[in-house]
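Q: Could you take me through the aromatic rings in this structure, one at a time? I would like a close look at what each ring sits beside.

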Amino acid sequence: MTGALFGLTFAVAAPFWALMILLPGWSWTRRIIASPLIVLPVVVIYALLVIPAFGEVLPAVASPTLGGVRELLGTADGAAAAWAHMLAFDLFVGRWSWLDSRTRGVPALIMSPVLLLTILLGPLGLLVYLLVRVRYRPAESA
């Protein structure tokens, strides 16, 4: 079951990334991405992986040590849960970046590589977007 959930994790997140990167101007993209619930499928997968192993996970995260985290992530269940954790937060950050970029008028040709970087290396994508957004002011409200 762990392998199936691992494979499913990106499959349920990918359509939202595709909308933001490939169809940023489509009216349905804004409607869909506007909802923070787009991360819910990945969060459910994370819960399915973590809740059964809560007894092992809680000590590793409540009082983390490098060895304890390495041991947890060194298992199939731990790696799959970490993957779901990363994808959920990356998608949430990507969603925020995309919505913020639309408000600021950041061109889609700039945002597409930023979003791709966010998918691949989450915190670096966030850093690049934070640098990009300095250049663009939010559109004035009418």
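A: Let's start with arginine 135, whose charged end sits over the ring of tyrosine 136, 5.8 Å from the ring centre. Keep in mind as you look that this is a predicted model. A similar arrangement involves arginine 31: its charged end lies over the ring of tryptophan 28, and here the distance to the ring centre is 4.7 Å.

Now for rings that meet other rings. The count comes to two aromatic pairs. One of them joins phenylalanine 6 and tryptophan 83, with 5.8 Å from centre to centre and 35 degrees between the planes, a tilted pair. Phenylalanine 6 belongs to helix 1 (residues 2-22) and tryptophan 83 to helix 6, so this pair links distant parts of the chain, 77 residues apart. How accessible are these two residues? Phenylalanine 6 has a relative accessibility of 39% and therefore counts as partly exposed. Tryptophan 83, at 29%, is also partly exposed.

The other pair is made by tryptophan 96 and tyrosine 129. Their ring centres are 5.6 Å apart and their planes stand at 85 degrees; edge-to-face means over 60 degrees, so this pair qualifies. Tryptophan 96 is in helix 6 and tyrosine 129 in helix 7, so the contact ties together parts 33 residues apart in sequence. Is each partner buried or exposed? Tryptophan 96 is partly exposed, with a relative accessible area of 33%. Tyrosine 129 has 0%, and buried means under 20%, so tyrosine 129 is buried.

Key. Residues numbered from 1 in each chain as written. Predicted model: local features only at pLDDT ≥ 70, side-chain atom pairs only at ≥ 80, totals over all residues. Heavy atoms only, no water. Phe/Tyr/Trp six-rings, centres within 6.5 Å; stacked < 30°, edge-to-face > 60°. Helix = DSSP H or I, 4+ residues; strand = E, 2+ residues; numbered from the N terminus. Buried < 20%, exposed > 50% of the residue type's maximum accessible area, 1.4 Å probe, protein only. Lys NZ or Arg CZ within 6 Å of the ring centre and 35° of its normal.
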